[in-house]
Amino acid sequence: MTTADLTDDDRGMLGRIVDPALLRRLFRNRSFAIGFTMFVVVVLIAFFADLLAPHDPLQNNYRYRLGEPNQVHLLGTDNFGRDILSRVLHGSRVSLVIGLLVVMLTAVFGTLIGAVSGYVRQLDNVIMRVMDGLMAFPPILLAIAIGATLGPSLFNAVIALTVAYTPRTARIVRASVLVVRETEFVEAARALGAGHLRILFRHILANSLAPLIVQLTFIFALSILAEAVLSYIGVGPRPPTPTFGNIIAEGRNYIAEAPWITIWPGIAIMTTVLGLNLLGDGLRDVLDPRLRVEGR
Amino acid sequence: MTDPVLIEARGLTKHFPLRKGFILGRNLGTVRAVDGVDFDIRTGETLALVGESGCGKSTTGRLLLRLVEPTAGSIRYKGEDVAALAGEALRARRRDLQIIFQDPVGSLNPRMTVGEILAEPLVIHGIGDAAGRARRVRELLSLVGLAQHHARRYPHEFSGGQRQRVGIARALALQPAFLVCDEPVSALDVSIQAQIINLMQELQRELRLTYLFISHNLAVVRHIASRVAVMYLGRIVELAETDELFARPRHPYTQALLSAVPTPDPDRPRRRIQLQGDVPSPINPPAGCRFHTRCPLAEAQCRIVEPVLHAVAPGHAAACHLVRPIS
């Protein structure tokens with residue numbers, strides 16, 4: 001009944017998901033391999049942005065505004081003369097951090113809400129109607145509304161996106177909990193006298209993770225896209241912080257004269273999101289074969 | 001015969017409400033899965049519970065273990081009312097009452113190694129230290145005929161019969177006195193069934209276990225059971241010693257059930273009693289005798305008066321108006 005009965009010789013949940021045979025199967029899946037590679041490249045770029053960026057991403061240079069790509073500024077400069085390459089490299093860092101934070105918070109809250117809803121049947125109806133209410137809004141609109149209310153900042157954007165994506169995650173976790181709770185190994189655990197926490201974590205959630213992990217990769221991609229939308233309309237992280245969305249937003253007035261300002265962050269978003277979606281598709285095919293789309 | 005009673009069920013009842021709708025919902029009726037069942041299980045015996053799918057035999061087994069909460073009735077284990085237990089007392093009592101499941105795939109957590117599965121009951125009840133538990137896991141593995149190195153494997157690496165052995169070992173980890181065996185061999189190949197049945201009989205002798213053996217396989221029941229209870233629509237219709245029941249079934253339902261068992265000799269004349277129609281819904285069981293809608297012998301009173309289980313021979317009870325009680 002207490003958390004104490006969870007400790008003992010438990011290996012972490014991740015330890016039981018990442019087994020070598022599974023990794024082999026994952027990397028044999030082409031979609032996963034390509035997506036994973038693309039995503040790893042983006043992550044490495046974000047991690048080493050300081051080393052890779054040729055200029056300070058915030059350094060104005062009024063003598064070279066809206067500069068075309070050349071040897072000094074490989075991808076050109078924006079209306080303040082800031083180096084686009086450096087801004088995109090640093091922007092990937094902020095965008096990935098937002099995506100990661102949203103994924104982590106969504107995972108925690110979605111799992112918690114979904115698990116309680118699926119396990120404590122008396123609360124199910126109430127919790128799920130609230131989630132349905134949140135899901136009645138398109139997630140982007142909801143995030144814009146929350147972001148606008150809280151004011152533009154990185155953390156408010158994270159909060160807004162977490163609220164927008166948690167209901168979907170909760171629903172997925174609840175669905176798997178409802179299936180797993182009826183299995184005989186859960187009944188066996190009850191017959192042995194296991195407490196609710198042990199049953200919920202060790203037996204039910206440990207076997208509900210596959211669809212959640214798949215969903216989280218898509219939420220990662222969606223958050224990066226949504227951050228761009230929020231920044232574009234000015235409710236994301238404040239400029240001059242470089243994020244993919246901010247760079248595009250600042251370049252929109254100069255699309256005709258200086259298309260490089262918007263094109264490169266656009267390509268960066270596309271690469272990141274495509275990589276994550278491929279990764280998610282591959283994960284789903286391997287972890288959750290029932291959902292596989294025919295003909296792939 | 002003189003063995004003391006281990007489990008005593010009286011008026012055991014489980015009604016599942018059928019609800020539909022938001023928050024409060026309308027009550028659409030009640031499924032009378034188990035409707036007033038009485039029986040005793042004596043120490044060391046195997047009581048078989050047989051009947052068609054949906055007659056309430058699995059629910060009865062789960063009621064005894066409080067995996068399903070009884071709607072009414074009492075369950076006494078060594079005289080103590082298990083139905084009234086709660087919290088820590090119930091948790092402690094669970095050590096004595098365990099279950100073996102039908103599905104060897106679904107009854108083992110796929111994310112735990114066999115070693116972890118077998119150690120879990122000990123962890124839950126705080127028995128022993130890590131070394132002691134490892135020793136007990138090795139003991140359990142050899143008890144059910146598995147090898148020591150199997151402890152490190154996951155359930156999907158085993159065959160159905162091996163998995164069922166793991167399930168049995170888990171049920172025995174806490175040294176229970178009583179096991180509910182819910183169709184323990186129905187999902188296995190015929191050749192493996194015999195092995196598991198023999199293992200269960202050996203364990204019963206060695207550990208002096210008492211079984212409630214739920215099955216629809218009458219051949220297996222005849223082999224393993226000391227006594228047999230026949231269920232129909234949530235009621236016990238006949239209860240007798242195994243040999244007596246198979247030799248002289250008294251209830252028309254039991255007679256029909258036994259006549260459906262194939263005989264190994266094709267030339268032997270068989271009198272098959274073919275029942276008409278389907279089992280009525282347990283939501284609205286028929287008035288009077290529940291079997292009257294399909295009974296070839298039904299009379300007027302069967303449609304009105306519900307028969308009670310009464311002794312028809314020494315140690316043999318049936319619930320049928322047409323079977324005369326012994327005086």
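Just after helix α9 of chain A comes A:Gly193, with a positive phi near 95°. The model is a predicted one, and the helix that leads up to this glycine spans residues 184-191. Helix α9(A) is mostly covered, with 7 of its 8 residues buried. The buried set runs through A:Glu184, A:Phe185, A:Val186, A:Glu187, A:Ala188 and A:Ala189, and also takes in A:Ala191.

What do these buried residues pack against? Within chain A, their partners are α8 (154-180) and α10 (196-204). Chain B joins in with α1 (57-64), β6 (97-100) and α5 (160-172). So much for the helix itself; the rest concerns the interface.

Between the two chains, 22 residues of chain A are in contact with 31 residues of chain B. The size of an interface is often given as the accessible area lost when the parts come together. For chains A and B, that buried area is about 2,500 Å², with carbon and sulfur atoms giving 50% of it.

On the polar side, 14 residue pairs are in polar contact across the two chains, both partners being at pLDDT 80 or more. The count of salt bridges between chain A and chain B is 3. In a salt bridge between the chains, the side chain of A:Glu187 meets that of B:Arg62, at 2.5 Å from N to O. On the side of chain A that touches chain B, α6 (121-135), α9 and α10 each supply at least two residues. Helix α9(A) gives the most, with 6 residues. By type, the residues on this side of chain A split into 6 nonpolar, 6 polar and 10 charged.

Technical notes:
Residues are numbered from 1 along each chain as its sequence is written. Chains are lettered from A and ligands numbered from 1 in the order in which they are written. This is a predicted model: local features need pLDDT of at least 70, side-chain atom pairs count only at pLDDT 80 or more; totals for chains, interfaces and linings use all residues. Side-chain values use heavy atoms; hydrogens and water are left out. Buried means under 20% relative accessible area, exposed over 50%, partly exposed in between (1.4 Å probe, protein chains only). Helices (H or I, at least four residues) and strands (E, at least two) are DSSP runs, numbered from the N terminus. Contact means heavy atoms within 4.5 Å. Buried area is the accessible area (1.4 Å probe) that two parts lose on being put together, summed over both. A salt bridge is a side-chain nitrogen of Lys or Arg within 4 Å of a carboxyl oxygen of Asp or Glu. A polar contact is a pair of N or O atoms within 3.5 Å; within protein, one must be able to donate a hydrogen and the other to accept it, and residues adjacent in sequence count only if both atoms are side-chain atoms. Ala, Val, Leu, Ile, Met, Phe, Trp, Tyr, Cys and Pro count as nonpolar, Asp, Glu, Lys and Arg as charged, and the others, Gly among them, as polar.
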